[in-house]
Amino acid sequence: QVQLVESGGGLVQPGGSLRLSCAVSGTIFTIYTMAWYRQAPGKQRELVAHIINDGTTHYADSVKGRFTVSRDNAKDTVYLQMNSLKPEDTAVYYCNTLARSFSWGQGAQVTVST
């Protein structure tokens, strides 16, 4: 059974940074394009960034230049480095494949506030 376990969320002031991790187990990690999504209260879940297994990355316009997605294929883990955080980045962050192949994990709460 595939498991997605997100970690690294927390409360941070505007302008601060956080690094999220997502450990994937139960599947062959390297064959998938992995993605980060987020869901703010009352809003639809949205795609934030994704990374192909060759390292090619893509970002939503709202996070371009501030967020960096990376992966460690030896550790079956995908990361999201978030810099210059804004209050509008507040959401629960989830990882999954770009095709949303697996059941969602518990997510990581990110709150950007003074």
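Here are some notes on the side-chain contacts in this structure, which is a predicted model.

1. Let's start with V78, which you'll find in strand β8, covering residues 77–82. Is this residue buried or exposed? Its relative accessibility is 0%, so V78 counts as buried; the cut-off for that label is under 20%.

2. What does V78 touch, once residues up to four places away in sequence are set aside? The list runs to L20, S21, C22, F29, M34, W36, I51, V69, S70, R71 and C95. For a feel of how sequence and space compare, take T30: V78 and T30 are 48 residues apart along the chain, and their C-alpha atoms are 11 Å apart.

3. Now to the charges. Side chains of opposite charge can pair when their charged atoms come close. How many salt bridges turn up in a search of the whole structure? There are 4, and R38 is a good place to begin.

4. R38 has a salt bridge with E46, with 2.7 Å between the closest N and O atoms. The two ends sit in different surroundings, so to speak: R38 counts as buried because its relative accessibility is 6%, while E46, at 36% relative accessible area, is partly exposed.

5. R38 also forms a salt bridge with D89, and here the closest N and O atoms are 2.9 Å apart. This pair links distant parts of the chain, with R38 in strand β4 (residues 34–39) and D89 in the loop between β8 and β9 (91–97), 51 residues apart. Both R38 and D89 are buried. Follow the shared partners and you get one network of salt bridges made of R38, E46, R66 and D89.

6. Another salt bridge to look up is the one between D61 and K64, where the closest N and O atoms are 3.1 Å apart. Is D61 buried or exposed? With 67% relative accessibility, D61 counts as exposed, because the line for that label is drawn at over 50%.

7. On to the rings: searching the whole structure gives 3 aromatic pairs. One of them is Y37 with W104, an edge-to-face pair with 5.2 Å from centre to centre and 90° between the planes. It links distant parts of the chain too: Y37 belongs to strand β4, W104 to the loop between β9 and β10 (108–112), and they are 67 residues apart. Y37 is buried, at 2% relative accessibility, whereas W104, at 31%, counts as partly exposed.

8. W104 has a further ring partner in Y94. The ring centres of Y94 and W104 are 5.7 Å apart and the planes stand at 75°, so this pair is edge-to-face. Y94 lies in strand β9 and W104 in the loop between β9 and β10, so the pair ties together parts 10 residues apart in sequence. Y94 is buried, with a relative accessible area of 11%. Put the three together and Y37, Y94 and W104 make one aromatic cluster.

9. Finally, have a look at where charges meet rings. Which ring does the charged end of R45 sit over? That would be the ring of W104, with the charged end of R45 4.1 Å from the ring's centre. R19 does something of the kind with Y79: the charged end of R19 sits over the ring of Y79, 4.0 Å from its centre.

Technical notes
Residues are numbered from 1 along each chain as its sequence is written. This is a predicted model: local features need pLDDT of at least 70, side-chain atom pairs count only at pLDDT 80 or more; totals for chains, interfaces and linings use all residues. Side-chain values use heavy atoms; hydrogens and water are left out. Helices (H or I, at least four residues) and strands (E, at least two) are DSSP runs, numbered from the N terminus. Buried means under 20% relative accessible area, exposed over 50%, partly exposed in between (1.4 Å probe, protein chains only). Contact means heavy atoms within 4.5 Å. A salt bridge is a side-chain nitrogen of Lys or Arg within 4 Å of a carboxyl oxygen of Asp or Glu. Rings of Phe, Tyr and Trp (its six-membered ring) pair if their centres lie within 6.5 Å; planes under 30 degrees apart count as stacked, over 60 as edge-to-face and the rest as tilted. A charge sits over a ring if NZ of Lys or CZ of Arg is within 6 Å of the ring centre and within 35 degrees of the ring normal.
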